[in-house]
Structures are given as structure tokens and as C-alpha cells.
Amino acid sequence: MARKVTRKFLVKESTTKEITTQVKNDLLESVDRLTPWFFRTLPLFYYQMTSKEEQINHLHTIISLKQTNAPSATLRSADGKKITFISVSGRTGELLEFLEDLKNVNIRNAAVHSALEGDLLVCHFYTEGFPLDLEDKEVQRRLREIRRRLGKLSSEQARKVENYLQGMDMQYFSRYDAERIHWHIQFYLKIRDYETVFSLDNERDKNFSRISMCTLNPPKTGYLLRVTRILSRYGMKINRLYLNSIQWSLDEDEVVFITLYGVDEQGRKLEPGSKVWSEIQSAIKTVKWVEEDELTTLIGRKDYRFSVQSVNFLRACASFVHQFLSKKQPERYTSEVVKKAFIRRPYLSHLLYKFFEARFDPNIEDICSHCGTDLETRQRRQEEFRGEIEREIHKIHKFVEKSIFLEAFRFIRYILKTNYFLEDNIGLAFRMDPEILDKEHYSPLPFGFFFFYGRGYKGFHVRFEDMSRGGFRLVKTRDKEHYDFESARVFDEVYQLSWAQQLKNKDIPEGGSKAIALLKPGAVLRECVECAIDSLLDILVTYEDGKVHPNIVDYYGKEEIIYLGPDENVSDDMIEWIVERAKKKRYKYPNAFMSSKPGLGINHKKYGVTSHGVNVYVEACLKYLKINPHKDSFTVRMVGGPDGDVAGNELKILIQNYPKVKILAISDGGGAAYDEHGLDHGEIMRLIREGKSIGYFDPRLLHTGERNFVVQADNTEGRRIRDEIQVGNTIITDLFIPAGGRPNTINIDNWEKSLDESGIPVFKAVVEGANLFFSEEARLRLEEKGVIIIKDSSANKGGVICSSYEIIASLLLSEEEFLEIKEQYAYEVIEILKKKARQEAELLFKEHSLRGGILPLTHLSSRISEEINDLTNTIRSMIREALQSKKRPPERYLHMLKVHCPKILVEKYEDRIIHNIPEEHRISIIANQIASYIVYREGLGWIKSLHYDDVLNLVEVYLATDKLVEDYIRTILSSDLEGKEIIAQILEHNARKELTREKIQALKEAGYNGNRFPRAIDEL
């Protein structure tokens, strides 16, 4: 076996000593040369606030960097809470590059120190705070000193100050003396609402301007990067910068201070009244409310000088373009494709912004009565940019890119007003001309719509009448894929829900509307609500002259009254905030702006208002199916759970009113349960009381049977089972009540899953308690198969009727007055909505029977809505025209105004009903009350069958006849006439229409075309 040889390489001792000596000499030379430089080059404050140990570590790092010719180093503490960046390169923009690396880090505190010559940069960033030791004597002493300096404060100021003091951390507390913290607190107390407040001081430092800014709740990550980027864009050289954040609890505001010392690119201090200082403030205010994306790269361009604000407008523009182009070809017009087109053609993007500016910049001087501008100047500028844009678009050969810019150009041309040029806006809102919509896809066109856009959200508000009301819905998304899916369809969903609301609102004076804010994954829900609502109010609020804010160029030129209501994910505290915000911004009818204010509204879930209406149709369907629900057994399947508003209350009504009801299956967001013998009523009631999902149904209470189950939707299998029983054919019932779930759950692609193997539907009747659960095509297919379907616009109108009466109460009563009559008022409103549901249900099945059961109930439902709405619009326009021509409608119209209101309101506040409701609202109440009264009583097509164009005169004749018939019936019933009840019944059924027909025929023969208003009144 060969012997193993180990070779050793020995370094001579003399060489070791030589190298060691050389290294020592080099290090000593570096220490001797760099140490004096190090101690004179950074701002004095660095040495005052940095411990000796840290200074030694920094000097070690600097010497090492110089020795190795490395540009920079990053040091991290063992616990990861502190990051130190040191650079010796002297290269411009290195701080920005490092902050870019930290853009996803929540920086709680920071200190940046830069050498006067710019060749040394030392930065500290802290990712967590270090709480104050409130037991420490020195801490207590300094806190007393700060409180003493602050002096007497209001209770609200004192609360804020105490929270502030409790929220300070040791980094901040030890960095500043009591005087400086006192100044910070005073600065913080200046903040109103969403402001960022600024201070520019040129006296404190002889070489630099001191810029201080304070804001609340900026983005958790990347905010310092954005601010620094703005300063860099304006050529600011930072000598030192400090960021401090104070937050006393996760539920409260975070206060962020940034103080920096610097000069402009010429080495001069900033002047307080200068354009550059104004632009810096404006950009920093805006950057808090915008998101970072691909378009941010445009801000750094030197050629077209895109600002933070102009790029945010382009984001909104790109979002709008994507919304409507992706409807045609979603795979070609993705959000990314649209944004990249804007980036690839910066000149054209710049032209689009300049065209927008020419249309809406309030600083273009004026004479126009609506928008306050010199139309000739404004139009000339617009035409200049319009021509240049058209020439540039013509040069584009790629079809997709050309389509993008054409749609962006259309977007700007069809904006009627925007809050973009308002100072301190926190989101963007645009009132759009509905003519921009493609009539092929959106017919009928809505009366108007708003587009709003901001950090973390986008959304729309669509309405079909000038004065409208409808829910404000928040749609949260799980991830980018979910957001992209919802994003592509959000306008269509708003449009469809708004149109459904228009059909549903046939019994109330307000037209149909809907608003949706779609939230990006991780967006702060409350913040998005506040930004969207605030921006909408910006362009709604009018002043004493009836005009919007003077910085809004208004091509619409009319006052707009919007009433909102709570919908998905809108909590009670948000409702209260929305009302208070409307008051603060001086919206004319703030209490009516958002219905269902806690304590002051009629809580829909507590009173079950929508479910009361739904159940009227449940009974009507069961009667049609020859089922007596009070005596007979019947089966139900439901979507929407015990914790839901509509579903929970309907379950309660079913269980309490119908002892033999068998609720076989329930599914909701949290799970599903099925029992072939009927789910236990007591357990369902327990879940209703506790506000829990059906997924918490106790499985021990299921009847014996291998098919029976309870699942929770917290896993893939549970969600699959839940979804299957919502759409599948395994459960056969008399009645299906979708009272929850997403729009179009059952659609043209899956409706056949509701059929059994023989092609027979697994349910006999459907009462749609939820909006748009079925698509229109799916409804028609199922109706062709014999299913009785009560459409959502009929079935769940109870909620909107209730909200309409909340609006009337808020217009007439103080909070104390409403609370005094609230229970009686709520009871009377519920009775009204049940009556209106019964009237429509009776008419639906009557018209269905008259047509031999051939015409589907859903068609009849739409026709009833359309006929009432059309007649309402005709009467309303004629009344309005008469008022404008100084004529007055007859007194019985005023009677209709009082008939519409709950009795307790008439008894106690009759005078206010006549005088305090806004005129347009009063006219709408009268018109709607008359229209619905006639259509429900006389049926579809009766008005048209008279072939009389003067509708208002026809209505006057009908109302006079109605009063005459009522008098006859009263007289007959009080007499001793034999068979008086039968005579009264005959008169009730036919007398009005026949007498009206005779009188109209007589007027035709007489050629009557005279005054529509033979009698006048003074009040309207």
C-alpha cells in the first residue's frame, strides 16, 4: 500500500510580518486621513443623535468601503428592526435607489444625513417602534413639561394629545427635546380631515430651508420613497431628513412627520411664495392618495414633465378605457396592455392630459354662466389639442393601440365635470355623459353615471332618473386574479343592478341607482369608502348660487340630488361617517344622502323589511300552487343563511308562521346544510339569534339519513358542496328562495343543472329575494319549463320602499322627533310595503291568468314596472311644465302627496309634508303615487286603451271619478238597500274605469283641448 504524502505550504515568517505591517500602516493612514473628514463632513445633528458605539461602527464601515473601493454597504441589526445604509460614492440618486429596495418595508422611523459635498450618506431606518417606559421618572418629567407647554386645550384636542403622547416611541422621544415635541403636537393639531400640513422655515438654518410636513395614515410602505422622489424631481438636495411615526393603537390614526433640510438644484433656499414650493406641496399631498404602478415611470421623464397629479389622471383614464374595451376582447385589452400603450407613447399621453386640462382647468378666464370660463379661449385650446391628438392617433398602425387612444380620447370628451382641480382632493370623481355608452350593450341608457377612482379602488354610480336612490356596495377581492375578474364586469354589474332597482322603484318617487366600489386585494376598506364618497360629494355639493365649487368647470350645469343606501360590506360606522361627511361638506340634504343611519334609520335587518315583502310573494306563489301554507306541508330550499338580512328574516317568518314548512337545504357564504326531512327549526332560530352561518348548524340535530350533511365553506371541498346545492338538481322542493349569493349564480351556461334527469325543474316556484341571482336568459329557460318565477324587481322591493320613507323622515324631522315616533313609523312603513307587494302580486297573477298563463311572470313584472315608471315620468313632466308656466295642478294632487306618507307623519307634521320636501321630490311623489294607484287598480295597458294624448287631463278625470265612486260605495254601504255588498263590489271592480272611459269619450267628441287644470291650488 502506497504511503500517503501530505504537502504543506509554509509562509515565511518575514513575509507575514511584512504584510501585517503594510496592512497596519494602510489602515492607520486611512484612519488618520478619513477620521477628521468623517467628523467634519456630516451635519452636526448626526453626531449629537448617534451614540459613540454607532459612530465607531460607521467609521469602520467607511474605512472598509474606501479601502476596497466599494460604493456602499447595508448593515442590519440582529433583530432585523434597524437597517443602516452607508454610501461613499457621492453618486446622485443613490438614496432613491436604496429606498426603492425598501419600498415594501414599513418604515416607522428614519434619519438621513448627507455630507455637504455629497460624498457621504448615512441613513438609519427602523421597521418597528420602541415603546416609551411610562414608569420611568425622566420620561414622566418630560411628559409633564410637554403638557405644561401645551396649556389649556379643548376636550377633543386633549384627547388627541394624550393619544399622541401615549403613541410616541423612544427613538422619537429621545431625539427631540420638550420644545420640539411641543411644536410637533401643535403642528399635528392643525390637520383637518385628510390634509397634509406643511411648514417652510428659512430662519432656523443659515444654509438650508427646513421643510416640515405632517400627515395622517399615509401608505404603510413606500411613502418615504414617494416623497423623496418628488423632492428629487424638483431638484432638491437633502442635507438631512427625519421621519417619525406615532400611533397609539391599530384602530387609531397614524401620525407621520417628515422634517428635512435642503436646497434647490442651484443651492438656494426655497421661497415660501414660489411656484416650485407650491408644486412640491401639491405633489406631496397627492402622492399619499395614489398607487404605484407602471405609469409611475412617466413622472421621471424630463421631456414632458408629467406630474404626480397628471399621471394619476392617466391611471384613471387607463382604468376607464380598460373597463369598456375589455368587454369586447378581454384577452387583448388587459389593464397592463392599456398602461403600456400610455408609456410607449408619452407624447400622445401628454397631449391627452393637455386636452383634459384645456377642458377643465379653472384658471382659464371666463364669462360662461355655468362653468365660469371664456368659452372662446377654452374652445380654441381644446381644438388645438383635439387636432394634434387626432393626427397622432392616425399615425398608429396597431389596431389595439389605436383603439386604446381613441377610447381615452372619448373618455375625456364625455366628462361633464370632475374634482381633479380641487385642492386636497383625496380621490378622483368624474360625472360622465351617458351618451359615451354603446347603445348596443347598454339600452336603455341611464340618466347619468359617475366614475370614481383612487388608491386601492375604482367604481361607478349609475342612475336612471334625475332624483334616484340605491345601495352603495363594496366588493372585496382575494387576489389579483379575483380582482381582474371582478374588474372586467364591475360596470355591467352596476348597470344591471341599477336597472333592476329602477324596475323595483316603481312604488317610490326616486328612480333606480346603484354604486359599487371595487377594492384591490389588501386595500383598506374604510379608507376606500372615505375617498370614494368624499370625491363624489366634491362634484355634488352646490353653494347658495346653486353652482358647484368654483374650481369645477361644469358642463352639466344642473344640481344633482343623490340618495345612497347601505349594501354589501357597508357597516354602521361607515353609514354614520358618510352622513357626517355630507354635513361637513354642506351637501343640501345630508341626512338623506345615506339611509339606515344606526338608531335614526329603520334597520332593515332588525325590522326584516325586505323579507316582509318577499314573504307576500311566497304566499302568492303557494296559493297559485294550491298550497295553503297555514295548513299544508310544503318544502323550501334557500340560498342565504341565518346570519343574513333577507334570508335570516325570511327563515324566521317561515318558521313562525307556517308550522308544517320543511326547509330542506340552506347555503350561504359560510357553508351549507341539507336534511331530507327538514332542518331543525329550533337550531335555525338559534343561528338567527346568534348571527351565525348555516355552517354552524349542529350536525347532531340532523335526521337519520346518509344524504344529510352540514359543511363549512372554509375548504375546497366544503365550497364545492355548497356551490352544488345552490345550482344543482339533487334537492327537489316546492319553493326556491335565493335570498343571498352573487349575481348570475344561475345563468345561461348552468341553468340546466336545475333540471332532473327527465328534464323537469327540481323546484316549482322561485321568489328572488336577492338581486340578479338568475340571469335573464336562465329565467326565461326555466319559465319555459313551467317554473313560476317572481323576479327580484318585484320580490325584494320592500327594502327600497323602506329606505325611501327613511329619506322622507330625514327631510322632515329632527333626530329627536324621529326617535319619538320611530316604532310607530316603522310599523306603518312595513304595512305600506306589504300592501304594495300584495297589490303587485295580485296584478301579476291576474294578468298571468288573463293571458292564459302563456306570458311569463318575469315579463309581466317588467311590464308593470315599465308602465308605472313611464306613467310617472309623463305625469311628472306635465306637472313640472305646468308649474313653470304658472299653472297649478288640482287639489286632489296634494291629497296624493299626503296619501303617500305614513299616517303618523300626516297627523303630526302635515304642514312640513307640503312645504319642506324639495319641490322635485314632491312632484315625483305625486306622480308616482297616482301612476302606481291607477296601474295596480286598472291593470296593464288600460291608459293606452283610451287613446287620449292629454294624459294629465285623463288622470284628472280618473281621480275625480275615483272620488265619486268612493262616495257612491260609502253611501250604498250605509243604506238599507238589499244586496248592497254585491252592488258595492261591482262598483269597486269596474265603475272607475268605465265612468272614466265615458267621460274621456265625451271630451274627445267635444274636441276638448283646453286647460289641463280646471281647478287651482296654492300649495305645491
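**Close-up views of a predicted model**

**View 1. Helix α15 lies across three strands, β9, β10 and β11.** In this predicted model, helix α15 comprises residues 399-413. The strands that it crosses include β10 (428-432) and β11 (448-454). With respect to β9, the helix runs at about 65 degrees.

**View 2. An open sheet of seven strands contains β9, β10 and β11.** The strand order is β9-β10-β11-β12-β14-β13-β15, and the pairing is mixed. The edge positions are taken by β9 (415-418) and β15 (562-566). Each of these two strands has a single partner, so one side of each is left without a neighbour in the sheet. From one strand to the next, the twist averages 20 degrees.

**View 3. Strands β12 and β14 pair in the antiparallel sense.** Strand β12 covers residues 457-463, and strand β14 covers residues 511-519. Seven bridges join the two strands. Phe460 has Ile516 in β14 as its bridge partner.

**View 4. A further open sheet of seven strands has the order β19-β18-β17-β16-β20-β21-β22.** The pairing in this sheet is mixed. Its edge strands are β19 (709-712) and β22 (788-790), each of which pairs on one side only. The twist from one strand to the next averages 15 degrees.

**View 5. Helix α22 packs on the sheet that contains β16, β17 and β20.** The helix is formed by residues 646-657 and touches β16, β17 (661-668) and β20. Its direction makes about 170 degrees with that of β16. Strand β17 is mostly covered, with seven of its eight residues buried.

**View 6. Strand β16 pairs in the parallel sense with β20 and with β17.** The pairing of β16 (residues 634-639) with β20 (residues 733-738) extends over four bridges. Within that pairing, Val639 stands opposite Pro738 in β20. The pairing of β16 with β17 extends over six bridges. Here, Thr635 is placed opposite Lys662 in β17.

**View 7. Arg381 is situated in helix α14.** This helix spans residues 375-394. Arg381 counts as partly exposed because its relative accessibility is 37%, a value between the limits of 20% and 50% that bound this class. When residues up to four places away in sequence are not counted, Arg381 touches Ala358 and Ile364. Between Arg381 and Ser154, the C-alpha to C-alpha distance is 51 Å, and the separation in sequence is 227 residues.

**View 8. The whole protein, shown as the setting for the close-up views, has 35 helices and 22 strands.** Its C-alpha trace spans about 135 × 90 × 70 Å along the principal axes. Of the 1020 residues in the protein, 57% are buried. Among contacts with a separation of 6 or more, 72% are accounted for by residues 24 or more positions apart. The protein exposes about 45900 Å², of which carbon and sulfur atoms supply 49%. There are 150 positive and 154 negative side chains, and the centres of these two sets lie 4 Å apart.

Technical notes:
Residues are numbered from 1 along each chain as its sequence is written. This is a predicted model: local features need pLDDT of at least 70, side-chain atom pairs count only at pLDDT 80 or more; totals for chains, interfaces and linings use all residues. Side-chain values use heavy atoms; hydrogens and water are left out. Buried means under 20% relative accessible area, exposed over 50%, partly exposed in between (1.4 Å probe, protein chains only). Contact means heavy atoms within 4.5 Å. Accessible areas come from the Shrake-Rupley method with a 1.4 Å probe; for residues, only the protein chains shown count as cover. Lys and Arg count as positive and Asp and Glu as negative; His and the chain ends are not counted. The place of a charge is taken as NZ of Lys, CZ of Arg, CG of Asp or CD of Glu. Two strands pair if DSSP finds at least two bridges between them. Axes are lines fitted to C-alpha atoms, for helices over the stretch in contact, and angles run from 0 to 180 degrees between N-to-C directions.
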